[in-house]
Amino acid sequence: MSKQWADSKDGAFKRQVSSFREVISKTHPIYKPAANRYWLYVSLACPWAHRTLLTRSLKHLNTVIGVVVVHWHLDSKGWRFLRYPTDKSSIDENIYHTVSGGIDNTQSITMKPFASIPNDSDRLWIDGTPDPLNQFQRLSDLYLKSNPNYSDRFTVPVLWDSETNTIVNNESSEIIRILNSGVFDEFIKDSTTSSTEIINLVPKELESQIDEFNSWVYDNINNGVYKAGFAESAIAYEKEVKNVFQHLDRVEQLLKSKHQALEKKFGPDSKEILKHYFVLNNQLTEADVRLYTTIVRFDPVYVQHFKCNLTTIRDGYPYIHLWLRNLYWNNDSFRLTTNFNHIKLHYTRSHTRINPLGLTPLGPNPHILPL
Ligand SMILES: N[C@@H](CCC(=O)N[C@@H](CS)C(=O)NCC(=O)O)C(=O)O
């Protein structure tokens, strides 16, 4: 199996290519659109899985696509689920359809100090969920059920078909396009939502702009922080960390000119500004979704854990910081799918090569500032 760590001679980190790449569509011979047939297996810590959970929520698919949440601790055998309760009545099916993915997000507020949480903690709906479909113990069971010869890493997210018991797709960028494609719109039960109100995160006329933005953001920011954090030589680390900040500067400039244009249009103190304050075309798109899952982790984790500490978002990037807080505080989907406890515990306890003692830093306090 390939390693999570830097493999190459120059100490640079290379991410593995995903293996399951099917789509769901009316014309697909196997994977037809349906309600309650497809499930997302996610980690609330993982920025790639977070994209899919966020898209599911923004598209009102919480009652159409189920969610299983792995325990935040990634051990030597990979991701695991919580033990399936012996008392089955304690499994409330509805819990799989909540916006935060089956985890009560208010736990973030009432959670114990990090020091008292062991890595094998087993708090149902807090540390993760069981797998209600097959009662599997490990994410690897899904991969091996789909392909007994699978020999790569067992990564989240996974889009799973409960009818054929196979993985449809394990590449987050493709899963979010499937969820956005509209194939599930007819199954949305949310009576307050008409199909015209369902957001299209990749409108045709913006597709090439979104792809172009995603491509440099992925390489230099989303994956850039991993390349800095997993680097195994000072030369590789220094090159990558500078590169991350050069590209954050680029996003900052873009958002600054956006904000200035909106101020001109609506007046400097207008409430309208934040309603249009997104990275592309004054509307919420997939570009915001994909950038958000990295930026929201930046100050709490990437600054210290991945040593991306030339500055913080809150201190060094006022326009990105405003954009981040606007998404988090003004949009339920962003806030409720963000779980700082899973995020902090996962990175600091699972990457023992970076943080051998597994101590979880308490700060920053708060994890995200008010708007
Ligand atoms: N290309 C994948 C990458 C997913 C990925 O790297 N997930 C990480 C968590 S952040 C994972 O599951 N790692 C488990 C492992 O390496 O054992 C995607 O975007 O879907």
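Student: Which residues of helix α1 are buried?
Tutor: This is a predicted model. In α1, the buried residues are Pro47, Trp48, Ala49, His50, Arg51, Thr52, Leu53, Leu54, Thr55, Arg56, Ser57 and Leu58. To count as buried, a residue needs a relative accessible area under 20%.

Student: What makes α1 largely enclosed by the rest of the structure?
Tutor: Count the buried residues. They make up 12 of the 12 residues of α1, so the helix is largely enclosed.

Student: How do you know that the span of α1 agrees with what is expected of a helix?
Tutor: Take 1.5 Å times one less than the number of residues. For the 12 residues of α1, 47–58, that gives 16 Å. The end C-alpha atoms are 16 Å apart, so the two agree.

Student: What is expected for the span of helix α7, and what is found?
Tutor: Helix α7 runs over residues 234–266, which is 33 residues. The expected span is 48 Å, and the end C-alpha atoms lie 47 Å apart, so the helix passes the check. Just after α7, Gly267 has a positive phi of about 95 degrees. Just after α1, His60 also has a positive phi, of about 60 degrees.

Student: Why are the rings of Tyr226 and Phe230 called a pair, and of which kind?
Tutor: Ring centres must lie within 6.5 Å to pair. The whole structure holds 27 aromatic pairs. In the Tyr226 and Phe230 pair, the centres are 5.8 Å apart and the planes meet at 65 degrees, so the pair is edge-to-face. The cut-off for that name is an angle over 60 degrees.

Student: Are Tyr226 and Phe230 buried or exposed?
Tutor: Compare each value with 20%. Tyr226 has 7% relative accessibility, so it is buried. Phe230 has 2%, so it is buried too. Both rings belong to one aromatic cluster, whose members include Phe13, Trp48, Phe245 and Tyr347.

Student: How do you know that the charged end of Arg250 sits over the ring of Trp216?
Tutor: The charged end is 3.8 Å from the ring centre. The distance cut-off is within 6 Å, and the charge must also be within 35 degrees of the ring normal. The Arg250 charge is listed as sitting over the Trp216 ring.

Student: What makes the ligand's approach to Trp79 a polar contact?
Tutor: A pair of N or O atoms within 3.5 Å is a polar contact. A ligand oxygen is 2.8 Å from an N or O atom in the Trp79 side chain. For the Arg153 side chain, the distance is 2.5 Å. A polar backbone atom of Asn170 is 3.4 Å from a ligand oxygen. The protein covers 91% of the 510 Å² of accessible area that the ligand has on its own. In total, 14 residues surround the ligand.

Student: Why is Asn281 called partly exposed?
Tutor: Its relative accessible area is 41%, so it is partly exposed. That class lies between the 20% and 50% cut-offs. Asn282, at 27%, falls in it as well. Asn281 lies in the loop between α8 and α9, and so does Asn282.

Student: What is notable about the phi of Asn281?
Tutor: Most residues other than glycine have a negative phi. Asn281 has a positive phi near 55 degrees. Asn282 has a positive phi of about 55 degrees, and it is not a glycine.

Student: Which kind of peptide bond joins Val156 and Pro157?
Tutor: Omega is about 0 degrees, and the bond is cis. Pro157 is in the loop between α3 and β3. The bond from Gly363 to Pro364 is also cis, with omega near 0 degrees.

Conventions
Residues numbered from 1 in each chain as written. Predicted model: local features only at pLDDT ≥ 70, side-chain atom pairs only at ≥ 80, totals over all residues. Heavy atoms only, no water. Helix = DSSP H or I, 4+ residues; strand = E, 2+ residues; numbered from the N terminus. Buried < 20%, exposed > 50% of the residue type's maximum accessible area, 1.4 Å probe, protein only. Phe/Tyr/Trp six-rings, centres within 6.5 Å; stacked < 30°, edge-to-face > 60°. Near = heavy atom within 4 Å. Polar contact = N/O pair within 3.5 Å; in protein donor to acceptor, adjacent residues only side chain to side chain. Areas by Shrake-Rupley, 256 points an atom, 1.4 Å probe, with all protein chains shown as cover.
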